[in-house]
Amino acid sequence: MFNKRIKIKALLQNDATDYEATVMGWVRTFRNNQFIALNDGSTNNNLQVMAALGLLDETTLKRITTGACIKATGKVIASLGKGQKVELQATSIEILGDSDAEKFPLQPKKHSLEFLREIAHLRFRTNTFGAIFRVRHSLAFAIHKFYNDRGFVYMHTPIITGSDAEGAGEMFQVTTLPLDGTAPKNEDGTINFKDDFFGRSTNLTVSGQLEGELAAMAFSDIYTFGPTFRAENSNTTRHLAEFWMIEPEVAFADLEDNMNLAEDFIKYIIGYAMEHNKEDLEFLAQRLVEEEKAKPQNERSEMDLIEKLEFVVKNDFERITYTEAIEILRESNHNKKKKFQYLVEGWGIDLQSEHERYLVEKHFKKPVILTDYPKDIKAFYMRQNDDGKTVAAMDILAPGIGEIVGGSQREERMDKLLKRMEEMHIPAEELDWYLDTRRFGACPHAGFGLGFERLVLFVTGMTNIRDVIPFPRFPKSAAF
RNA sequence: UCCUCCUUAGCUCAGUUGGUUAGAGCAUCUGACUGUUAAUCAGAGGGUCGUCUGUUCAAAUCAGACAGGGGGAGCCA
């Protein structure tokens, strides 16, 4: 067996000394021809591997470059230097993989996030991205743990869908038909999909919700967690063309149950990361502090990253209706002094980013759940309230991110649902399978979607969504 | 898609009212030193100033188009 190594995290956590150990990892820096800072990704902390003078010949010494992969065996001893408790006094060092120092782009110095985005395939080897993606992993694991512990069934909804009527956004088409203009056409000039792979037009999913509702009508409580795709030409720090979404769907639940679930859920997974990724979060918090030093005093955050996360976990989210939110915005000094680009005047408008930011960051200074939006600015499947104007929708707005969750109680009454679909020009025949949930044993139910990357943004304190997914997909970009 | 800012060495950036041979720090290479912590010290190499087209005696510098990137907006998660 090749691998009898100890992971660097485990080695550093152990206070014992004077034992033999083998480690493997990638060289971060090599100082003084003697001191190798070795990292294997288990933690941001490097192990200092000490190669005594004379241990290695000249040729091998030159091959220990930043980025090279090495195997080192030796004795773990109390460090003579000041920066670390223990170090490995090497008795043998083997180069597993060379790294040409003239070509390897990462240096032992600060790199801009913009530069690292261009070399996303190597950025895992930096402290910042090491921390981000270990936190991302923990959050993903915590999501499964949260729902599993509560008896939810993890449902795999399709990635390729035959439905194009969900209305959640522009879709990517899936086809094996030739793209050179020779694809079969109907008489009216549109493409005839009869001979396509699936015998019909298909797309990449924009949401697993509709299929999720079907499963909830059997298992009571389900969740999905998978990739979703939007072909929107969105060029922002919080949109991706390929992103991961968590969508629980719960039978026998109303809007309040839905809000409670979402709030518990968010608090749980953040708490999990705080417990299991303390070092990484502290590193990211420090990174943020350094970054904010460049900003003027009044633009710096009041709380550091850890304090902010603690605050979210320990305090109740603010819950207000859309109507109340409009009132707060309309009466705000900000609005009266015309500081909004879009002034808040009447009921019925969709809230702009600046309005959401004001509510979350200035007025309440905590996550806010907005409920009961006008039905005309929300999706067809949301349950209509008795006032005839609003629907039982809820959005959770997070400081610095904006909308992180969108959800609703679903319209379980067939007649009302059909009428709404007709008003919104959604073809009922396309969604006949979905309507079966209302035909056979319909019940009050609710659910929401949480954008995973937006959550990772919030927890890591990063500001560009392209930095919290390994290989971001966005307009004009699908490298790697 | 819209608004706005940016593009000079591998990276991060200087570069004056247009003017002769475009600079620095880090990285790299060579050497020195050897308990270093983004090691230090000395030296060297490294540039089609994003691309194209104009204006001008003269363009990194001015203008336009295009490309790429940042930030903001819209669409949303």
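This is a guided tour of chain A, moving from the whole chain to its salt bridges and then to a patch on its surface.

Before selecting anything, note that this is a predicted model, in which local features need pLDDT of at least 70 and side-chain atom pairs count only at pLDDT 80 or more, while totals for chains, interfaces and linings use all residues. Residues are numbered from 1 along each chain as its sequence is written, chains are lettered from A and ligands numbered from 1 in the order in which they are written, and side-chain values use heavy atoms, with hydrogens and water left out.

**The whole chain**

Begin with chain A as a cartoon, which shows 14 helices and 16 strands; helices (H or I, at least four residues) and strands (E, at least two) are DSSP runs, numbered from the N terminus. Along the principal axes, the C-alpha atoms fill a box of roughly 85 × 60 × 45 Å. Of the 480 residues, 49% count as buried, where buried means under 20% relative accessible area, exposed over 50%, and partly exposed in between, with a 1.4 Å probe and protein chains only. If contacts (heavy atoms within 4.5 Å) are taken between residues at least 6 apart in sequence, 69% of them join residues at least 24 apart.

**Helix H1**

Next, select Ala 10, which is placed in helix H1 (residues 8-13) and is partly exposed, with a relative accessible area of 37%. Adding Ser 42, 32 residues apart from Ala 10 along the chain, shows a C-alpha separation of 8.4 Å.

**Asp 467 and its two arginines**

Side chains of opposite charge can pair when their charged atoms come close. A salt bridge here is a side-chain nitrogen of Lys or Arg within 4 Å of a carboxyl oxygen of Asp or Glu, and by this rule the count comes to 31.

Select Asp 467 together with Arg 117, whose salt bridge has its closest N and O atoms 2.6 Å apart. This pair links distant parts of the chain, with Asp 467 in the segment after helix H14 (452-460) and Arg 117 in helix H3 (residues 113-118), 350 residues apart. Asp 467 is buried, with a relative accessible area of 1%, whereas Arg 117 is partly exposed at 24%.

Now add Arg 123, which also meets Asp 467 in a salt bridge (3.3 Å, N to O). Arg 123 lies in the loop between H3 and helix H4 (127-149), 344 residues from Asp 467, and both of these residues are buried.

**Arg 420 and Asp 376**

Move to Arg 420, which forms a salt bridge with Asp 376, the closest N and O atoms being 3.3 Å apart. Arg 420 lies in helix H12 (residues 414-423) and Asp 376 in the loop between strand S13 (368-374) and strand S14 (390-398), so the pair ties together parts that are 44 residues apart in sequence. The two ends contrast in their cover: Arg 420 is buried, with a relative accessible area of 5%, while Asp 376 is exposed, at 61%.

**A network of four**

Then select Glu 213, Glu 249, Arg 410 and Arg 438 as one group, since a network of salt bridges links them.

**A nonpolar patch**

Finish at the surface by selecting Ile 159, Ile 160, Phe 197 and Phe 198, which make a nonpolar patch of about 390 Å². Patches are made of residues with over 30% relative accessible area and no salt bridge, with like charges joined within 9 Å and nonpolar side chains (Val, Leu, Ile, Met, Phe, Trp, Tyr) within 5 Å; accessible areas come from the Shrake-Rupley method with a 1.4 Å probe, and for residues only the protein chains shown count as cover. Within this patch, Phe 197 is found in the loop between strand S8 (173-174) and strand S9 (202-204), and Phe 197 is exposed, with a relative accessible area of 60%.
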